[in-house]
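Welcome! Here are a few exercises to work through with the structure open beside you. Try each task before you read its solution.

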Amino acid sequence: MKRLLITGGAGFIGSEFVRQAVKRGYKASVIDKLTYAGDLKRLHDIEKDISFYKTDISNKDFIEHVFNREKPDAVIHWAAESHVDRSIMDALPFLNTNILGTQALLELSLKHGVEKFINISTDEVYGELKETGQFYETTQLNPNSPYSVSKASADMLGRAYHRTFGLPVITVRPSNNYGPWQYPEKLIPVVILKALRALNNENEKIPVYGTGQNVREWLFVSDCADAVFKILEQGQTGEIYNVGSGEEKKNLDVVKSILKILGKSEDLIEFVKDRPGHDFRYSLNSSKISEKLGWKKKTSFEKGIEDTVQWYIDNIEWANSKFKNISYSKRNK
Ligand SMILES: NC(=O)c1ccc[n+]([C@@H]2O[C@H](COP(=O)([O-])OP(=O)(O)OC[C@H]3O[C@@H](n4cnc5c(N)ncnc54)[C@H](O)[C@@H]3O)[C@@H](O)[C@H]2O)c1
């Protein structure tokens, strides 16, 4: 399996996967619509090594042309509308891309006889946990936001194409990713950028939803891409793999650790009105990928967050060019 067709390869995690694909000697072709979240700058260091096609994954005619030309052995499907808050404002693009777009790719992958289709899902499809418990690959799906419903639908479509048509699908459910090149609408880059701006502007505050007690499991982006290579190369068709780091953190503690690295006061924190339907906690049991495939994360949260903060300092122009001051309403007392 040498020829990979990678969707969403100009996005945050997809671009890291493309970079690793080139390093590992794969022939990588990327398709990406370049929505607000996509950016070819993420691929600038390897642009000569890949083929790039700007298209919507729902554009079957164009993608058919890409399949005919590139003859991929495997499809790694990262493309998605990915931000929960946006899905609450307007669910339609999420349904179009994440559900209909995924179906178009599954259909073409079947027609062109790919050897593997890696369907990237998310831990959010399981719904939420309270203080205890974990999600296993066998846990029933219980998605709560328009985003997670669209991802659960895509996840189940992959299952159906495997079961009904024998398409060699493998489903991957990663936990929250962080690291270089993440679009500054997600928690970690927003906090880093706001904390950096607070240097020059006393009024800059750092918004934290609710009371900041929600728990996420933080996975460094290069570890996520590495796990997906493990699954591509050694995973079993028809199986599901959770990919987590075991690094569960309350949002408030994530914010505090960034402020500490930057030497900023915790007084910058401002609690804002909670996200509607905000899932309290996610926690993956990732023993299947570690025991069956021998995968382990390489990056601790401590090291990953330091490297991430440093990356945003070193790439502040890019980050500022993307950063829109999203307005948050103050928490109702
Ligand atoms: N970021 C996380 O923490 C996380 C965790 C678990 C799973 N995931 C999943 O991993 C994948 C990648 O996430 P990300 O954070 O890198 O997302 P991202 O938003 O940074 O990137 C998504 C990419 O998909 C492209 N895209 C969007 N709609 C498209 C369409 N209709 N046709 C073609 N391209 C399109 C965008 O241009 C962008 O380059 C997604 O499937 C997401 O659901 C992400």
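## Two helices that cross

**Exercise 1.** Work out which hand the crossing of α1 and α7 has, and then how the two helices are placed.

*Solution.* Step 1: α1 and α7 cross in a right-handed way. Keep in mind that this is a predicted model.

Step 2: General practice helps here, as two packed helices are described by the angle between their axes and the distance between the axes. For α1 and α7 (residues 221–234), the axes come within 9 Å and cross at roughly 60 degrees. Angles from 65 to 115 degrees would count as roughly perpendicular and those under 35 as roughly parallel, so α1 is oblique to α7.

Step 3: Now find the residues in contact. From α1 come F12, I13, E16, F17 and Q20, and from α7 come V221, S222, C224, A225, D226, V228 and F229. Sorted by class, this contact has 8 nonpolar, 2 polar and 2 charged residues.

## Around the ligand

**Exercise 2.** Find how many residues surround the ligand and which are the closest.

*Solution.* Step 1: The ligand is surrounded by 28 residues, and G8, G11, F12, G38 and A80 are the closest.

Step 2: Two or more residues of this shell come from each of α1 (12–23), α4 (92–111) and β7 (176–178). The largest share is that of α1, with 3 residues.

Step 3: By class, the shell around the ligand holds 12 nonpolar, 11 polar and 5 charged residues.

## Two residues with positive phi

**Exercise 3.** Decide whether K71 is buried, exposed or partly exposed, and do the same for W181.

*Solution.* Step 1: Most residues other than glycine have a negative phi. K71, which is not a glycine, has a positive phi of about 45 degrees, and W181 also has a positive phi, near 70 degrees.

Step 2: Locate them. K71 sits in the loop between α2 (60–70) and β4 (74–77), while W181 belongs to the loop between β7 and α6 (187–197).

Step 3: Count neighbours. K71 has 14 C-beta neighbours inside 10 Å, so it counts as partly exposed. W181 is buried because 24 other C-beta atoms lie within 10 Å.

## A buried proline

**Exercise 4.** Find which residues P72 touches, not counting residues up to four places away in sequence.

*Solution.* Step 1: P72 is in the loop between α2 and β4. With 24 C-beta neighbours inside 10 Å, P72 counts as buried.

Step 2: Leaving out residues up to four places away in sequence, P72 touches R3, L4, L5, S29, F67 and V114.

Step 3: Take L5 as a partner: P72 and L5 are 67 residues apart in sequence, with their C-alpha atoms 5.7 Å apart in space.

Note on methods:
Residues numbered from 1 in each chain as written. Predicted model: local features only at pLDDT ≥ 70, side-chain atom pairs only at ≥ 80, totals over all residues. Near = placed C-beta within 6 Å. Helix = DSSP H or I, 4+ residues; strand = E, 2+ residues; numbered from the N terminus. Nonpolar A, V, L, I, M, F, W, Y, C, P; charged D, E, K, R; others polar. Buried ≥ 20, exposed ≤ 12 C-beta atoms within 10 Å, placed from the backbone. Axes fitted to C-alpha atoms, helices over the stretch in contact; angles between N-to-C directions. Parallel < 35°, antiparallel > 145°, perpendicular 65-115°, else oblique. Left-handed = near helix turned anticlockwise from the far one by under 90°. Contact = placed C-beta atoms within 7 Å.
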